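Okay, thanks for coming, everyone. I'd like to walk you through one model today, so let me put it up on the screen.

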Amino acid sequence: MNAQQVLAQFQATGVQTCFHDRHIDPQIYKDLDGTNWRLADYEQRGGYKALRKVLGLVGGERMDPAAVTQTVKDSALRGRGGAGFPTGLKWSFMPKNYAGQKYLVCNSDEGEPGTCKDRDILQFNPHIVIEGMIIAAYAMGITVGYNYIHGEILQTYHRFEEALQEARAAGLLGDRILGTDFSFQLHAVHGWGAYICGEETALLESVEGKKGQPRYKPPFPASFGLYGKPTTINNTETFAAVPWIINNGAQAYLEVGKPNNGGTKIYSVSGDVELPGNYEVPMGTPFAKLLELAGGVRKGRTLKAVIPGGSSSPVLPADIMMGCTMDYDSIAKAGSMLGSGAVIVMDDSRSMPESLRRLSYFYMHESCGQCTPCREGTGWLWRVVDRICNGHGKQSDMDLLDSVADNIMGRTICALGDAAAMPVRAMLKHFRHEFEAMIQRPNLPAADGKQPVAAGARG
Amino acid sequence: MSSQAASKEPALSAATRDRFDREVAKYPADQRQSAVMACLRIMQEERGWISAQTEQQVADYLGMPPIAVHEVTTFYNMYNQAPVGKYKLNVCTNLPCQLRDGARALHHLEQRLGIKMGETTPDGLFTLQQSECLGACADSPVLLVNDGTMVSFMSNDKLDQLIEGLRTASGGEPA
């Protein structure tokens with residue numbers, strides 16, 4: 001065997017994470033099996049029908065671009081990347097009669113710890129993203145777009161490029177799409193290992209061939225985006241939701257889920273569950289149901305805590321989480337964020353200080369260094385949590401963590417600083433006793449009886 | 001990095017320039033710099049790492065200052081700023097992976113290869129690194145090989161098979 005053959009034996013097939021029968025009424029992952037990602041397969045599933053409808057090639061008159069945006073507005077589709085901003089509203093911010101170039105960008109820089117949903121969309125159903133982007137481009141009068149894909153999934157980047165070629169060859173992309181006067185060029189771009197590029201303005205800097213350091217907002221991308229031109233940026237899953245909305249109508253989408261939280265959402269469930277993977281379920285599905293789909297807590301253990309929306313969202317203890325439904329409003333009311341939909345499950349054997357130590361190391365590692373509170377503060381957070389875990393904590397460290405977090409929050413250009421500070425505050429709020437116990441009893445062994453991972457200390 | 005001064009890179013081949021051109025064509029004519037990320041990635045695939053001279057060649061090709069290329073090389077985690085082993089193994093140990101044996105996988109590889117993370121085996125075959133989120137959290141333990149191929153659900157047994165397989169595929173010889 002050559003090296004590629006050796007590696008091929010160990011590659012994910014998607015069976016565990018995507019092609020299982022534990023979704024509920026899926027729209028994006030529907031009928032996927034890993035082999036049917038090509039254009040012909042997608043069209044067989046009804047793909048590109050929404051685009052043809054918008055362009056007036058099937059089912060009636062060509063839709064007015066404003067009507068497309070209105071439909072998306074009415075559907076209550078909210079951004080699936082983390083912020084949950086209403087997509088249609090974002091589209092409406094784009095200048096209508098702008099004479100110069102406008103850009104459409106897809107944010108597939110999926111690096112928020114816990115999140116692995118966009119990879120499966122792009123790998124197993126790339127055309128649904130392409131179709132969503134073409135429709136978005138039509139709605140906003142945009143002729144050029146880029147899909148910025150996480151560098152770590154370079155195989156998926158190549159897959160997406162192949163899908164783009166198929167779409168171009170079929171006249172679905174490029175000049176005069178399907179013989180109409182609408183043209184749209186779409187290209188794939190990749191990152192190369194920088195979490196910060198998931199922040200939309202850092203991503204734009206990266207597409208421009210620079211360090212991925214976030215820009216001040218305002219000006220917002222809708223007025224000053226890629227190359228200084230009006231730009232709209234949406235997440236992969238957001239674009240992937242668009243064809244269904246066009247095909248079935250805004251009201252139908254809204255009715256899947258609950259008010260103000262339309263449609264399905266893909267949750268990446270990781271950590272202490274029997275069946276980690278992606279689960280596409282209607283918005284508003286009870287957390288308890290999602291946990292059940294994922295096989296429940298691993299080894300029959302008891303649920304301790306859940307980080308419900310990616311590593312940047314505040315942790316919630318089990319009792320609060322079990323009372324939540326999985327939608328923006330319910331999770332926000334409980335004091336956290338739905339974020340990217342990455343559900344990190346922790347059982348009763350887990351040490352919260354250990355978990356926070358790993359997260360704090362991550363934010364220190366990924367701070368771009370542009371703003372002092374974040375550059376210095378993330379280092380402080382990690383060092384203090386690390387010394388607590390190592391049995392060198394001081395009584396004053398609790399206040400110190402609080403003060404450092406305070407000095408980061410709201411004092412930086414982008415949200416990475418907040419993302420580093422929020423988990424600290426939530427951990428101290430809900431699991432303060434564990435930190436205090438570690439401080440009072442130096443050399444406390446890790447909960448699993450093994451040596452803790454000295455990740456940062458050795459990195 | 002003393003090896004940098006000694007490196008002598010060949011001129012860009014026609015095939016490489018073709019690969020560069022495909023990237024450049026994605027952007028407006030006055031935005032060639034946008035292709036820098038992809039061009040550096042291509043160079044890393046072909047040469048294993050990014051030397052100062054490689055940065056100069058990419059800079060010349062794209063018409064940008066070498067320091068602007070260097071800014072990119074040094075900002076993004078996956079560019080190798082020094083030579084690495086024939087197989088670079090990046091093991092994710094971020095929290096979701098930590099909860100599912102990511103760190104255990106890293107420790108197993110350390111023992112198996114007889115090196116610490118960040119090091120390269122004396123035969124030049126393997127470089128072992130800890131990495132941040134690969135975006136494959138449900139696949140843990142998961143690692144990225146040579147920045148291009150992800151391998152998933154890597155139990156200790158599978159890790160042993162992987163290492164043996166790659167060793168055998170390389171004829172047991174150093175890179």
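I'll start with the ground rules, then go through the interface, one chain's fold, a pair of helices and some backbone oddities.

This is a predicted model, with local features needing pLDDT of at least 70 and side-chain atom pairs counted only at pLDDT 80 or more, while totals for chains, interfaces and linings use all residues. Residues are numbered from 1 along each chain as its sequence is written, chains are lettered from A and ligands numbered from 1 in the order in which they are written, and side-chain values use heavy atoms, with hydrogens and water left out.

Right, the interface. How many residues does each chain put into the contact? Chain A gives 77 residues and chain B gives 60, where contact means heavy atoms within 4.5 Å. Between them the two chains bury about 5,400 Å², 59% of it on carbon and sulfur atoms; that's the accessible area (1.4 Å probe) the two parts lose on being put together, summed over both.

Now the polar side of things. There are 4 salt bridges between chain A and chain B, meaning a side-chain nitrogen of Lys or Arg within 4 Å of a carboxyl oxygen of Asp or Glu. A:Arg119 and B:Asp139 form a salt bridge, at 2.8 Å from N to O. On chain A's side of the interface, helix α15 (residues 352-366) gives the most, with 8 residues. Helices here are DSSP runs of H or I with at least four residues, strands are runs of E with at least two, and both are numbered from the N terminus. Sorted by class, that side of chain A has 35 nonpolar, 26 polar and 16 charged residues. Nonpolar is Ala, Val, Leu, Ile, Met, Phe, Trp, Tyr, Cys and Pro, charged is Asp, Glu, Lys and Arg, and the others, Gly among them, go down as polar.

Over to chain B by itself. We've got 8 helices and 4 strands there, and its C-alpha trace spans about 50 × 35 × 25 Å along the principal axes. Of its 175 residues, 58% count as buried; buried is under 20% relative accessible area, exposed is over 50%, and partly exposed is in between (1.4 Å probe, protein chains only).

Back to helix α15 of chain A, where A:Ser360 sits. Is A:Ser360 buried or exposed? It's at 5% relative accessibility, so A:Ser360 counts as buried. Leaving out residues up to four places away in sequence, A:Ser360 touches A:Thr378, A:Leu381, A:Trp382, A:Val385 and A:Val424. In helix α16 of chain A, the buried residues include A:Thr378, A:Leu381, A:Trp382 and A:Val385. Just after that helix, A:Gly391 takes a positive phi of about 85 degrees.

Last bit: the backbone. Most residues other than glycine have a negative phi, and most peptide bonds are trans. Here, the bond from A:Pro218 to A:Pro219 is cis, with omega near 0 degrees, and A:Pro219 is in the loop between α9 (200-207) and β4 (231-235) of chain A. In chain B, the bond from B:Ser140 to B:Pro141 is cis, with omega near -5 degrees. As for phi, A:Lys299 has a positive value near 55 degrees, and at 68% relative accessibility A:Lys299 counts as exposed. B:Asp101 has a positive phi near 70 degrees, and B:Asp101 is partly exposed, with a relative accessible area of 37%.
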